[in-house]
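Visitor: Please show the model, and then let us go through some of the labels attached to it.

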Amino acid sequence: MSYKLLPCPFCGAPPEIEPWHGGPRTKRRIGCANEQCPVEPAVTGDTEAEAAARWHQRAPRRRP
């Protein structure tokens, strides 16, 4: 299943989804696709849906 993903919160580039072998079973990793991104954020989840939910978590904006 494909999810509409928000852009990187730091550089605005689109993210990429890939398999990630971070344990006994394959998980999904979503991360910024921009190699020049100053932060290069990434999240993982047991499923693509779980990783997408984590990717979409954003800190609330502060008011000036």
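Guide: This is a predicted model, in which local features need pLDDT of at least 70 and side-chain atom pairs count only at pLDDT 80 or more, while totals for chains, interfaces and linings use all residues. Residues are numbered from 1 along each chain as its sequence is written, and side-chain values use heavy atoms, with hydrogens and water left out.

Visitor: What makes cysteine 32 count as buried?

Guide: Buried means under 20% relative accessible area, exposed over 50%, partly exposed in between (1.4 Å probe, protein chains only). Cysteine 32 has 11% relative accessibility, so the residue counts as buried. Cysteine 8, at 4%, is also buried.

Visitor: Why is the sulfur of cysteine 8 not bonded to the closest cysteine sulfur?

Guide: A disulfide needs a pair of cysteine sulfur atoms within 2.5 Å. From cysteine 8 the closest cysteine sulfur, in cysteine 32, is 3.8 Å away, so the two are too far apart for a bond. For cysteine 32 the closest is in cysteine 11, at 3.6 Å, again too far. The search of the whole structure finds 0 disulfides.

Visitor: How do you know that lysine 27 has no salt bridge?

Guide: A salt bridge is a side-chain nitrogen of Lys or Arg within 4 Å of a carboxyl oxygen of Asp or Glu. Lysine 27 is buried, and the nearest side chain of opposite charge (Lys and Arg count as positive, Asp and Glu as negative; His and the chain ends are not counted) is aspartate 46, 4.1 Å away. Contact means heavy atoms within 4.5 Å, and beyond its neighbours within four places in sequence, lysine 27 is in contact with residues including Trp20 and Asp46.
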